[in-house]
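Me: Hi! I am new to this structure and would love a close look at one part of it. Could you walk me through it slowly?

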Amino acid sequence: MTNVPDSPLGQMYREHIQHILDKNIEALLDQYTDDALLISSFMKKPIVYKGRDGIREHMQGILGIDGLETDIVFWGETEDPQTLMITEQITMHTKDGDATMRFADSWVLRDGRIAIHFAGMVQHPDGSLA
């Protein structure tokens with residue numbers, strides 16, 4: 001993991017990635033508010049997940065990850081309101097091989113937990129742009 005600043009959101013991001021590597025969905029969910037909203041473009045169309053059960057459904061995809069390398073290309077955060085906007089170059093290792101892609105993630109926090117998460121695919125593993 002490269003280019004993650006030493007800040008509270010940097011620490012939260014490191015924990016987020018570690019929970020993914022550990023396949024610890026419950027710990028990931030604990031980073032979200034109970035009424036959180038996650039909008040994903042991973043499937044080339046927007047999918048909205050609401051609340052803990054919806055986000056749990058989205059997070060099932062991490063179970064197939066055997067390794068993950070992330071290089072932060074862009075990092076922007078604010079304190080009031082607490083927000084994060086990042087672009088990541090990702091290499092994901094699975095039983096089917098490696099996949100390289102680019103994500104754009106944005107978090108809006110409430111009381112130190114993610115209330116809104118825009119989980120955006122910028123470049124898919126096949127090279128196509130979102």
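How many residues lie between β4 and β5 in the hairpin that they form?

Reply: Happy to help! There are 2 residues between β4 and β5 in their hairpin. Please keep in mind that this is a predicted model, where local features need pLDDT of at least 70, side-chain atom pairs count only at pLDDT 80 or more, and totals for chains, interfaces and linings use all residues. Residues are numbered from 1 along each chain as its sequence is written, and side-chain values use heavy atoms, without hydrogens and water.

Let's follow β4, which spans residues 82–94 (strands are DSSP E runs of at least two residues, helices H or I runs of at least four, both numbered from the N terminus). On one side, β4 runs antiparallel to β3, residues 65–79, and 13 bridges join the two (strands pair if DSSP finds at least two bridges between them). To see one of these bridges, find W75, whose partner in β4 is I86. β3 and β4 also form a hairpin, with 2 residues between them.

Now look at the pairing of β4 with β5, residues 97–110: these strands run antiparallel too, joined by 12 bridges. Here M92 has A99 of β5 as its bridge partner.

For some context elsewhere, try helix α3, residues 51–59, with G51, G54, I55, H58 and M59 buried (under 20% relative accessible area with a 1.4 Å probe, protein chains only; exposed is over 50%, partly exposed in between). These buried residues pack against α2 (25–29), β1 (32–40) and β2 (47–50) (contact means heavy atoms within 4.5 Å). The exposed residues D53 and E57 are on the face of α3 turned away from its buried side.
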